[in-house]
Amino acid sequence: MNTLKIFSIAFLSSVTLGFAQDVNQARKAVDAEQYEKAKSILKSIIKVNPIDGKANFILGNVYLIQTETDSAKISFQRGLAGTEGSRLNYIGLGIIDLDSGNTIAAEANFALALKDTKKKDIEELVAIGRAYTYSIKPNYKKAIEYLNKAKAINLNDALTQLAIGDAYYGDKNQNEAYAAYRNAFQFDPTLLRAKMQLGVLLKGAKSYDEAIKSFNEVIAINPSYGPVYRELAETYYKWGRNKPSKSTEYMQTAITYYEKYLGLTDQSLHSRMRHADFLVLVKDYKALEVEANKMIEMDKVNPRIFRYLGYSAYENGNVDLAIKSLDSFIANPVNKVIANDYLYLAMAKFKKGLAADELSIDSTFFDSGLADIRKAIEIEPLIIEDLNEVGKKLFSMKLYKEAIPVFEFGTTNTEYKNYIEDNIYYGLSIYYANNKKDTTPNPIDLQKADLAFDKVITASPSYQDAYLYRARTNSLIGNDEMTIKHYETYIAKITEKGPEELAKPTTTKKVVESYNNIAASYANTDKVKAIEFLTKTLTIDPTNPYATESLAKLKK
């Protein structure tokens, strides 16, 4: 749910009584997310009456939707000088205070808004409830407190019920949210926002088919209601993420619905930015690049555009533009930097530092990129789950040394979704990095690999290859005792699976490896044992050269 958007749309619906038709049209434009149209209508009203309290309040909220806080503040301050609806502008200023973390100033402004209100007035109470709900730093409990006061005055007010639904939704109380949205739509069947939010709850519960039915019911009432197409797009996107067999189909459906949504808005810069955010989600980077360039034509200085340029430039192979764009975006103090910004910057630096033969990465670029990953994790620790793909890309290019620190982040917490796989790749990256020609194995690093494989066994005891990896790692360390132990455990585990498993060529190859390496580990201490295991190799691979030659030497 978009925060300021819903605050303004739902609240603006409650301030239209006694307004001219133009204000009602502005309200409808905001609800349809046609913000430029709404601003145009409101400015025309203010031109006639500069201190119109309600018109300034509505305009200030539209500016907040578009993150133009300074313009919003000017509108609210201008509206305070009016008569009709002037008190509402104290609430507008209170929203800005809440967003900046100044709760004392916000509460003072809210008190001024409530001063001299009549006993049956609920407009200000609902507005304050919405302010607490949709602040950048929300307080849902406080919102519900104010909204319940409004509800006690008028139980059947649809907009109060909608506001309560939004507050409970933010507070993760789905049952109360559902009841409030249902009540809101029953009290006012024209309030499509409430009907749509019932579908949003279903989407959040992963009942995607039911959510789609609910959204289609909204369309049946009004096919031109733009926001519902955005919700459909996001529903198909999430459904595609959860159903890989339908992913391609549902992603395309999602894009189609989002384009429908965009076509029903005024295609302002704000709408295009939301579209760009969605294109990032569905990973349509060609379209994102096109959209970013369209936004540049509309506003050459808007800093947020550099995010989209950076993402699309990286995905489309232009790493220099990616680094330049993302550095510009991150360096601008007005931007809210997210973890993904640093992750993309890191990946761009890795790619920039890649040698022409793709066998190494310049250490300066790699170290700088790794520092960016750490910054990403500071912002959002769960970004660690996205590093799995970055690490596997490095691993597939045989850049094992570079893959090690990338995978290491995901090995520290069993709750990470890639915990087992990250430990496997982390251990293997260390193993292969230490098993190269002209490389002296580092026993301390290899012990970390051994520990990683041990974590895998603890988390997934049936994954028998982990014993094989531990055996190989200890062999490289030169620890004969542990090499023998883990190879023997591997053989025991694989034997438990029966003759069919042992007959597989890939399994046979690993068993032969195990017998030969156990023999090699015994060779200097127990020739009888060494001969025993070499003989076992020849039982299943009679022409195995290593076993044949080693056996001949041992029998001399």
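1. Let me start with aspartate 438, which counts as exposed at 85% relative accessibility. Please keep in mind throughout that this is a predicted model. Aspartate 438 sits in the loop between helix H24 (419-433) and helix H25 (443-459). Its backbone is worth a look too: phi of aspartate 438 is near 60 degrees, a positive value in a residue other than glycine.

2. A second residue to view alongside that one is lysine 206, which is not a glycine and yet has a positive phi of about 65 degrees. Lysine 206 is placed in the loop between H12 and helix H13 (208-221). Is lysine 206 buried or exposed? With a relative accessible area of 55%, lysine 206 is exposed, because the cut-off for that class is over 50%.

3. Now to the helix just before that loop. Helix H12 (residues 192-204) packs with helix H10 (residues 158-170) at an angle of about 20 degrees, and the two axes are 10 Å apart. Angles under 35 degrees count as roughly parallel, and H10 and H12 are therefore roughly parallel to each other. Their crossing is left-handed. On the H10 side the contact is made by Leu162, Asp166 and Tyr169, while H12 brings Arg193, Ala194, Gln197, Val200 and Leu201. Sorted by class, this contact of H10 with H12 has five nonpolar, one polar and two charged residues.

4. You may like to set that pair beside another one. Helix H7 (residues 103-114) and helix H8 (residues 123-134) pack at about 165 degrees, with axes 10 Å apart. Since angles over 145 degrees count as roughly antiparallel, H7 and H8 are therefore roughly antiparallel to each other. H7 passes H8 in a right-handed crossing. Which residues of H7 and H8 meet? From H7 there are Glu107, Phe110, Ala113 and Leu114, and from H8 there are Glu124, Leu125, Ile128, Ala131 and Tyr132. The contact of H7 with H8 divides into seven nonpolar, no polar and two charged residues.

5. Next, the charged side chains. How many salt bridges does the structure hold? The count is 26. As a general reminder, side chains of opposite charge can pair when their charged atoms come close. One of these salt bridges joins the side chains of glutamate 234 and lysine 203, at 3.3 Å from N to O. This pair links distant parts of the chain, with glutamate 234 in helix H14 (residues 227-242) and lysine 203 in helix H12, 31 residues apart. Lysine 203 is buried, having a relative accessible area of 7%.

6. Another salt bridge brings together the side chains of glutamate 231 and arginine 230, with an N to O distance of 3.2 Å. Both glutamate 231 and arginine 230 are buried.

7. For a pair with partners in two burial classes, try glutamate 501 and lysine 504, whose side chains meet in a salt bridge of 3.0 Å, N to O. Glutamate 501 counts as buried at 15% relative accessibility, because buried means under 20%. Lysine 504 is partly exposed, with a relative accessible area of 39%. Elsewhere, salt bridges that share partners join Asp31, Glu33, Arg193, Lys203, Arg230, Glu231 and Glu234 into one network. Several names in that network have come up already: Arg193 is also part of the H10 contact made by H12, and Lys203 pairs with Glu234 as described above.

8. Aspartate 31, a member of that network, deserves its own point. Aspartate 31 lies in helix H2 (residues 21-31) and is buried, with a relative accessible area of 14%. How many residues apart in sequence are aspartate 31 and tyrosine 225? They are 194 residues apart in sequence, and 8.7 Å apart in space from C-alpha to C-alpha.

9. Finally, a residue that is easy to pass over when scrolling through the model: alanine 55. Alanine 55 is found in helix H4 (residues 53-65), and it is buried, with a relative accessible area of 0%. Between alanine 55 and threonine 83 there are 11 Å in space, C-alpha to C-alpha, and the two are 28 residues apart in sequence.

Methods:
Residues are numbered from 1 along each chain as its sequence is written. This is a predicted model: local features need pLDDT of at least 70, side-chain atom pairs count only at pLDDT 80 or more; totals for chains, interfaces and linings use all residues. Side-chain values use heavy atoms; hydrogens and water are left out. Axes are lines fitted to C-alpha atoms, for helices over the stretch in contact, and angles run from 0 to 180 degrees between N-to-C directions. Helices (H or I, at least four residues) and strands (E, at least two) are DSSP runs, numbered from the N terminus. Angles under 35 degrees count as roughly parallel, over 145 as roughly antiparallel, 65 to 115 as roughly perpendicular and the rest as oblique. A crossing is left-handed if the near helix is turned anticlockwise from the far one by less than a right angle, and right-handed if clockwise. Contact means heavy atoms within 4.5 Å. Ala, Val, Leu, Ile, Met, Phe, Trp, Tyr, Cys and Pro count as nonpolar, Asp, Glu, Lys and Arg as charged, and the others, Gly among them, as polar. A salt bridge is a side-chain nitrogen of Lys or Arg within 4 Å of a carboxyl oxygen of Asp or Glu. Buried means under 20% relative accessible area, exposed over 50%, partly exposed in between (1.4 Å probe, protein chains only).
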